[in-house]
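Here's a walk through a few spots in this model that reward a closer look. Keep the viewer open and follow along.

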Amino acid sequence: MRKIRNVAVLGSGIMGSRIAFHFANIGVHVLLLDIAPRELLPEEQAKGLTLDHPIVKNRIVNAAFQSTLKANPSSLYKKSFVNRITVGNFTDNMKDISNSDWIIEVVVENLDIKKKVFEQVEHYRNSGSIITSNTSGIPIHLMSEGRSDDFRKNFCGTHFFNPPRYLRLLEIIPGPETSKDVLDFLMHYGDLFLGKTTVLCKDTPAFIANRIGVYGMMVIFNIVEKMGLTVEDVDKLTGPVLGRPKSATFRTGDVVGLDTLVHVAEGVYQNCPQDSQRDLFKLPSYIQKMVANKWFGDKTKQGFYKKVKNDAGKSEILSLDLKTLEYKAQTKTKFATLELTKTVDDVRERMKIFIAGKDLAGDFYRASFYGLFRYVSERIPEIADEVYRIDSAMEAGFGWEIGPFESWDVLGVEVSAKAMEAVGLKPAAWVYEMLVTGCTSFYKNENGIRFFYDIPTKAYKAIPGQENYILLHPLRKTKTVWSNSGTSIIDIGDGILCCEFHTKMNTIGGEVVQGVNKAIELAEENFRGLVISNDGQNFSAGANLALVFMMAIEQEWDEVDMAIRAFQNMNMRVRYSSIPVVVAPFALALGGGCEMSLHADKVQAHAETYIGMVEFGVGLIPGGGGTKEFALRFADSIQEGDIELNLLKERFLTIGQAKVSTSAEEAFDLGILRHGIDAISLNRNRLLADAKRSAIEIADAGYTKPNPRKDIRVLGRAGLGMVYAGANTMFSGHYISEHDKLISEKLGYVLCGGDLSAPTLVSEQYLLDLERQEFLSLCGEKKTLERIQSILTTGKALRN
């Protein structure tokens with residue numbers, strides 16, 4: 001029955017402020033405190049201020065607060081959420097924590113200082129309030145020594161990863177007397193309300209993710225010396241090709257800070273004498289020299305990479321030569337093994353090619369994989385009792401697409417164990433015991449349920465908590481009812497279908513249009529509803545521009561018209577089907593992906609959804625019904641007393657400036673999501689289940705197929721005058737190009753319903769025809785084709 005309405009965050013440094021901001025994101029009132037300064041600054045002395053003045057007392061917390069507020073990317077879903085945070089200092093405001101349901105300590109990593117803070121907390125907190133520490137390595141049991149029974153019962157570690165808004169891992173570390181109710185509550189609250197992958201850890205050095213993640217980096221730090229690999233080589237081998245973040249290994253070191261990595265490594269070395277791989281946590285000589293030089297990465301402006309101005313005055317990123325410790329121009333990395341995987345999209349299939357590689361890349365992968373497999377097998381039961389906890393921690397904390405045990409499954413447990421033995425990297429004994437029992441993998445899927453190998457019972461058990469999630473991967477083999485090259489239609493239970501796309505970047509072309517239409521047809525025949533979503537890295541990067549470009553170059557205008565008409569018709573089927581259609585976007589939902597969302601009965605968006613119609617940037621207007629839909633929503637939004645032209649301007653600029661929301665919350669402000677209809681899921685893992693639940697609720701409420709609109713009020717020339725005048729002014733002032741002026745006029749032409757002499761009621765089909773007409777005319781413009789070509793070849797649009 002616990003409810004978290006008020007949270008106190010003690011310590012306003014980088015982590016403290018960002019944790020406070022994330023709690024503000026979910027609607028909680030936050031009290032953010034830090035120490036009061038002990039000395040005046042010269043400027044404070046000049047103003048005659050004293051140490052007791054509120055400005056001085058809150059200087060530290062205010063500086064941290066403002067720094068976090070200005071940071072990019074933002075820690076807030078919306079800037080206005082900052083109003084949910086109150087700042088103060090330990091001296092004056094520690095008493096105010098009595099109103100807090102959860103008190104989070106985030107002060108410096110020093111046990112004595114933390115104990116002093118907890119002594120004050122004990123004095124002011126209410127009985128039953130939760131107290132946690134965000135420590136990244138100090139033993140939890142040491143921090144609660146000397147505290148009351150109620151304190152110890154309600155105390156544990158909560159290790160957020162930085163930045164808390166974006167990194168999904170929250171490690172929960174119990175103390176020796178932590179109540180099970182408290183642990184269960186935090187595991188659930190972190191998952192449901194904070195959007196985290198919550199992982200229960202043991203109170204061991206570096207917990208789970210940092211213990212494994214830093215081990216992996218230390219292995220690589222040692223491998224590069226032996227193999228003669230460069231910084232660029234390693235980051236190419238350990239980045240997106242391996243299903244890991246773009247920052248890969250060395251860039252991650254720069255972002256996190258080499259000093260932080262060294263702190264964790266030294267902590268493991270000092271506190272884990274029984275770790276068989278302890279010596280790997282010793283710092284290589286080049287790392288020692290970098291630390292001595294304070295080359296910590298981004299925080300000191302140089303680390304494994306360094307940004308400089310070249311002779312031409314342009315910015316250039318140099319890489320560190322690990323042998324000479326001198327910075328040099330980056331060289332292009334090329335390995336035969338990587339070349340073999342260029343056409344392989346599935347990271348699991350790529351891993352099989354990597355491990356079989358015959359070149360230096362293959363040697364690197366075998367050394368790093370086999371070492372990692374041995375290490376994680378040896379860490380059970382030291383840091384975790386179950387394999388899935390280690391995989392979950394690495395996927396959520398370090399951004400790995402596939403955790404170490406699942407990777408081992410992909411490569412084959414038995415065959416990998418034999419290969420590991422051959423090179424002196426024999427795994428733990430329990431792995432062989434597992435194989436003897438006839439269990440040949442750490443995971444298996446049955447009827448859409450995921451099981452893990454449980455070591456004590458030597459049998460498979462269902463991973464707990466799956467009832468809250470729907471994973472498409474284990475359903476594809478048995479629950480796919482139809483598929484083509486770009487889409488799959490999967491029965492996700494309870495009368496609901498899911499249409500997922502799996503094209504490159506989930507772009508929308510003919511195969512996706514066919515798949516969505518087929519999904520609606522099947523759902524109308526035998527199901528209750530449809531969810532459109534997928535489990536890729538992005539919901540959709542938009543329409544297939546390459547296809548549009550090729551048809552336009554060949555001047556196949558009838559083909560372009562047919563393609564745009566098909567896309568419009570698909571979205572209108574999404575809107576006007578006889579079953580509810582819920583679209584569940586996440587990450588990038590651009591262009592056509594946004595237009596599809598605009599036509600759903602409901603959008604169930606992940607909090608981290610970056611959605612918008614970006615066609616203007618490539619010289620076009622939204623052509624899949626997006627421009628029509630904004631004209632419709634503009635008409636519906638007008639209230640008595642509103643100034644119509646101001647509202648039209650807002651809608652126009654959202655498309656004309658190719659605005660993309662920085663969160664799902666911001667998408668409401670852009671008019672893309674609708675208050676009272678659309679909803680947000682904080683946890684990406686829950687998104688598909690939430691969308692399915694929404695489809696069921698709409699169906700159960702007695703869904704009725706809506707009728708196409710014929711009552712959309714457009715402004716005609718009254719609106720066009722403003723659009724044309726504005727575009728001309730911007731062009732005359734050299735703010736936009738002549739081509740941008742043309743696009744602006746065509747966008748305004750559709751939004752205003754064309755050259756009508758007075759405000760008029762029109763139909764959706766009328767607006768769709770206008771939209772398609774203007775889209776086609778822009779496809780024939782040379783400047784548009786140049787922009788599309790630039791996007792396709794360089795990833796950047798020309799400003800021609």
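Let's settle one term up front: a residue is buried when its relative accessible area is under 20%, exposed when over 50%, and partly exposed in between, using a 1.4 Å probe and protein chains only. The model is predicted, so local features need a pLDDT of at least 70 and side-chain atom pairs count only at pLDDT 80 or more, while totals for chains, interfaces and linings use all residues. Residues are numbered from 1 along each chain as its sequence is written, and side-chain values use heavy atoms, with hydrogens and water left out.

**Arg 686 and its neighbours**

Is Arg 686 buried or exposed? With a relative accessible area of 7%, Arg 686 is buried. You'll find Arg 686 in the loop between β23 (679–681) and α30 (687–700); helices (H or I, at least four residues) and strands (E, at least two) are DSSP runs, numbered from the N terminus. Leaving aside residues up to four places away in sequence, Arg 686 touches His 188, Asp 191, Leu 192, Asn 468 and Tyr 469, where contact means heavy atoms within 4.5 Å. There's also a long-range pairing to look at: the C-alpha atoms of Arg 686 and Glu 467 are separated by 9.7 Å, with their positions 219 residues apart along the chain.

**Two enclosed helices**

Next, helix α1 (residues 14–25). Its 12 residues should span 16 Å at 1.5 Å a residue, and the end C-alpha atoms are 17 Å apart, which agrees. The expected span here is 1.5 Å times one less than the number of residues in the helix. Because 10 of its 12 residues are buried, α1 is largely enclosed by the rest of the structure. Among those buried residues are Met 15, Ile 19, Phe 21 and Phe 23. Just after α1, Gly 27 takes a positive phi of about 95 degrees.

Helix α17 (residues 360–378) tells a similar sort of story. It has 19 residues and reaches 27 Å from its first C-alpha to its last, close to the expected 27 Å. Here 14 of the 19 residues are buried, so α17 is largely enclosed by the rest of the structure.

**Two helix pairs**

Two packed helices are described by the angle between their axes and the distance between the axes. Axes are lines fitted to C-alpha atoms, for helices over the stretch in contact, and the angles run from 0 to 180 degrees between N-to-C directions.

Take helix α28 (residues 644–656) and helix α31 (residues 717–732): their axes come within 11 Å and cross at roughly 55 degrees. α28 and α31 are therefore oblique to each other; angles under 35 degrees count as roughly parallel, over 145 as roughly antiparallel, 65 to 115 as roughly perpendicular, and the rest as oblique. On the α28 side the contact is made by Leu 645, Leu 648, Lys 649 and Phe 652, and on the α31 side by Ala 718, Gly 719, Met 722 and Val 723.

Now helix α20 (residues 413–422) and helix α21 (residues 429–436), which pack at an angle of about 140 degrees with their axes 11 Å apart. That makes α20 oblique to α21. The residues in contact are Val 413, Glu 414, Ala 417 and Glu 421 from α20, with Val 431, Tyr 432, Met 434 and Leu 435 from α21.

**Backbone oddities in loops**

Phe 207 and Lys 294 have positive phi values, and neither is a glycine.

| Residue | Phi | Loop |
|---|---|---|
| Phe 207 | near 55 degrees | between β8 (197–200) and α10 (209–227) |
| Lys 294 | near 60 degrees | between α14 (285–292) and β9 (305–309) |

Phe 207 counts as buried at 1% relative accessibility, whereas Lys 294 is exposed, with a relative accessible area of 55%.

There are cis peptide bonds to check too. One joins Asn 72 and Pro 73, with omega about 5 degrees, and Pro 73 lies in the loop between α4 (59–70) and β3 (85–89). Another joins Asn 162 and Pro 163, with omega about 0 degrees; Pro 163 is in the loop between β6 (155–160) and β7 (169–174).

**Cysteines**

How many disulfides are there? Taking a disulfide as a pair of cysteine sulfur atoms within 2.5 Å, the count comes to 0. The sulfur of Cys 594 is 18 Å from the closest cysteine sulfur, in Cys 499, which is too far for a bond. Cys 779 is in no disulfide either, its nearest cysteine sulfur being that of Cys 594, 19 Å away. Cys 594 is buried at a relative accessible area of 0%, and Cys 779 counts as buried at 1%.
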